[in-house]
Every structure is written in structure tokens, then in C-alpha cells.
Amino acid sequence: MDEQLRQGVAILAVAMIVAIAARQVRLPYTVGLVIVGAVIAMTAPDVGPHLTHDLIYDLILPPLLFEAALTLSWRELLRDSLPLLALAGVGTVVSAAFVTTATVTLLGWPLPSAMVFGALIAATDPVAIIAMFKDNGLKGRLRLLVESESLLNDGAAAVLFVMALAWAEGSAGQGAGDTLLTLLKIVFGGVAVGALCGGAAIIASFRTSEHLIEAALTTIAAFGSFLLAEHFHFSGVLATVTAGLMMGNLGLLREGEGGYLSLKGREFVHGFWEFAAFVANSAVFLMIGLDVATTPFESFGLPLIFAIIGITLAGRALTVYPLSALFLPSRWKVTFAEQHVLWWGGLRGALALALALSLPATLPMRDTIVVVTFGVVAFSIVVQGLTMPFLLRALGFLPK
């Protein structure tokens, strides 16, 4: 316990130093964390804890998902619901199918392994881009599209991954009817658990006006919904997002005296979850850097890593541009400039790593999938994250 506490404090201290330095040189701090983590790992290979599926799922994802959902207005979500559902629903399936097909036909992967990898890498996780949006005060529809699509396709990809892994292990060969029932159970079970936990926390909040208790209730809803849904084999991602949307729109985003939170409670809860997400982001990106530096990319061949990166980018493009073109003549039009940001800003991160690290050892090419997932995540955070400010300025979203 003492060693774990020491490592935790050390990671937080390094992350804060990097965050301060990154602000001085106008570098996205998440990118800086990955770079510094890699440098530390190369100089001291045994430093710090390593990413695991349980660490990401139990400690990292709930605060990140809940904080992002907490500040999303469902009025704005409903306004852009069609393009968001198309990108996050159909788009996730299209991206996964393309990656699966390309890895099978071009790289000769076995179909079960290709399907599992296609599903886990379909989830975008543009945390670095959202952090940069906040740093530069960028608001409006573009930020809504990026954040909302990421939250929704995280849930879609997690569900798709469960289905693909079950098929790969031979436990989902019962037929289309049973597969559909399993899918509905995962999706609607997760939403129901999130609504139940969020509703219970809201009802309890009416019994108090103490801001510390109100913050504690949101914490129980965030982590409790995720853990409860996963316990029943539902989608923990969708559960936490649902709880966050409920509690945000019925309390945090209300104006005046309305809602279940006191005025002091709203201010405190908002700051508390900003802090929690900041700490979770800082820890996960620093540990990504630590693990990337010790990942044996050369053992699997750098051409394979770059081929997978190219396939992933192509799959993302096939998702964004054709689906966005469907809405060009409508009131839901996604401009070409917004499409470019959605494509290049579709980073991979914590969720993809958590799913890859959870793969059973019996899955063919399991180690290869983990290594190439780390490669895609490292490329997206460092290369795409560093070049995004230039793209945003070139497209007119940021002042030059």
C-alpha cells in the first residue's frame, strides 16, 4: 500500500509539473504528459504503475465520462441528434467493419482477431482535443459534435467489442435473434442502470442543501452506475454517461433556484468534477507514455504499426465524410471544416487500451493487438494532438 501511494503521489507531482510547463509553451498538456512519461520510462524502466484493464475501468473512465456528460445539454444533443447518432452508431459499425476487412485482406489476420481489434479501435477518445478546446475557450457546435460523438461512440464501441469478443470465443453463435437480444440487454440495461442511479442520487439530494453531500452523491452515481452495470454485464460506459446527463441537465445546468442542487452545490460540484477529470487525465496520459516507451514495437515490426495506423485513419475518414455528406442539404449540415476536425480529432485513448488489455490470452494474436493498439494511441495523441492547433487555425476555428 505504501509503495502504491508513493507511486500515485509521484505520478501526480510529475503531471502537475508537466501541466504548468505545457501552459508556458502552449503545448497541449496531455501530449506533454505522454512525451514526458516516455522519457521517464526510457531512463528508469521500472518507475511507476502500469496501465491495466481494471485500473482504467474502475478509476479512470468513470470520472472522465461523467464529467463530460455532466456539462452536455440534452437540448443541444436533441438538436443535433441525427448526425450524432449516425456518426456514433452507424459510423462505429462502418469503421469497425472497414478495419476488420482491411486487416484480414491486407495483413492476413484471422477473422476473430480482426473483428475484435476493429471493434475496440473504433472508439474515439478525443480528450486531448477537448482539453485544448477548453484551454483556448473554444465553444459552440464544433465542440458539441466532438464531445458528444465521442461519448456516444465510446458506448457503441464497448457494446460492439463485447459482441465481437463473444463471437470470437465461440459463445455467440446462437443465431441472429439471440445476438440481438444480447445487444439490447447490454445497451438498454446500461441506460436503465444509469437512469436508476442518477435518479436515486437526485431524490436523495432533495433531502439536503449541504454542498459536500451533494458532491458525494454525484460521486456515488458516477462510480456506482458504472460498477453496477458492469456487474450485470451491461454497458458501464452508457450507464455513467446516462447518469451524468440526467444529473447535469436536472441540476448543474439549471438556472436560478430550479433543480435539485443548491446554488453553492452547483458551483462546488462543477469544480469538483473538473478537478477529478483533470487528475484522471493526468494520470492516464502519463502512464500511457510510460507504457508506450516499454512496448516492444520493434519485435512486431514498425511497418505493421504504420500500416495499422493508416488503416485506422482510413476507417475514420470512411465514417466521417460519407455520413456527414448525407446532412449537407439539411439543417443538420456538418461543414467540411467541421468534418476535417472530426476526422483528424478522432483520437484513440483510454477506452481502446482498456479493451485491448482485457483480451484473454487464448485469443489469437492477442499480444499483437495490444502492441498495435498502443501504437495507434501513441500516434493519435502525439502526432494528431500536436498538429490539431495548426489545423484549427487553418480552418478558422482559432485566431491565427
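Contact, as the word is used here, means heavy atoms within 4.5 Å. In the predicted model, this criterion underlies the description of helix H6, which spans residues 111-120 and is mostly covered, with seven of its 10 residues buried. The buried positions of H6 are Ser113, Ala114, Val116, Phe117, Gly118, Ala119 and Leu120, and these residues pack against a set of helices made up of H5 (81-105), H8 (141-168), H14, H16 (350-357) and H17.

Two of the buried residues of H6, Phe117 and Leu120, reappear in the description of the nonpolar interior. The largest nonpolar core comprises 101 residues, of which Phe117, Leu120, Phe133 and Ile288 touch the most other members. Helix H17 gives the most to this core, contributing 12 residues. Apart from the largest core lies another one, of 17 residues, among them Phe66, Met247, Leu252 and Val269. The surroundings of phenylalanine 133 can be listed individually: when residues up to four places away in sequence are not counted, Phe133 touches Leu138, Leu142, Arg143, Val146, Val341 and Leu392.

A polar side chain was also examined. Asparagine 281 lies in helix H12, which covers residues 263-293. With a relative accessible area of 9%, asparagine 281 falls under the 20% cut-off and is therefore classed as buried. Once its neighbours within four places in sequence are left aside, asparagine 281 is found in contact with Tyr29, Leu33, Leu64 and Val127.

Internal voids were considered next. The structure holds three cavities of 30 Å³ or more, and the largest cavity contains about 50 Å³ of space. Two elements give two or more residues to the lining of the largest cavity, namely helix H14 (302-325) and helix H17 (366-394). The lining itself consists of Ile309, Thr312, Leu313, Arg348, Val376, Phe379, Ser380 and Gln384, and the largest share, four residues, comes from H17. Classified by residue type, this lining has four nonpolar, three polar and one charged residues.

Helix H17 thus recurs in several parts of this description: the buried residues of H6 pack against H17 as well as against H14, and H17 supplies the largest share of the lining of the largest cavity.

Key:
Residues numbered from 1 in each chain as written. Predicted model: local features only at pLDDT ≥ 70, side-chain atom pairs only at ≥ 80, totals over all residues. Heavy atoms only, no water. 1 Å grid on protein atoms, 1.4 Å probe; cavity = no way out; pocket = protein on both sides within 12 Å on 5 of 7 lines; lining within 4 Å. Points joined across faces, edges and corners; volume = space filled by probe spheres on them. Nonpolar A, V, L, I, M, F, W, Y, C, P; charged D, E, K, R; others polar. Core = buried A, V, L, I, M, F, W, Y, C linked by side-chain atoms within 4.5 Å. Buried < 20%, exposed > 50% of the residue type's maximum accessible area, 1.4 Å probe, protein only.
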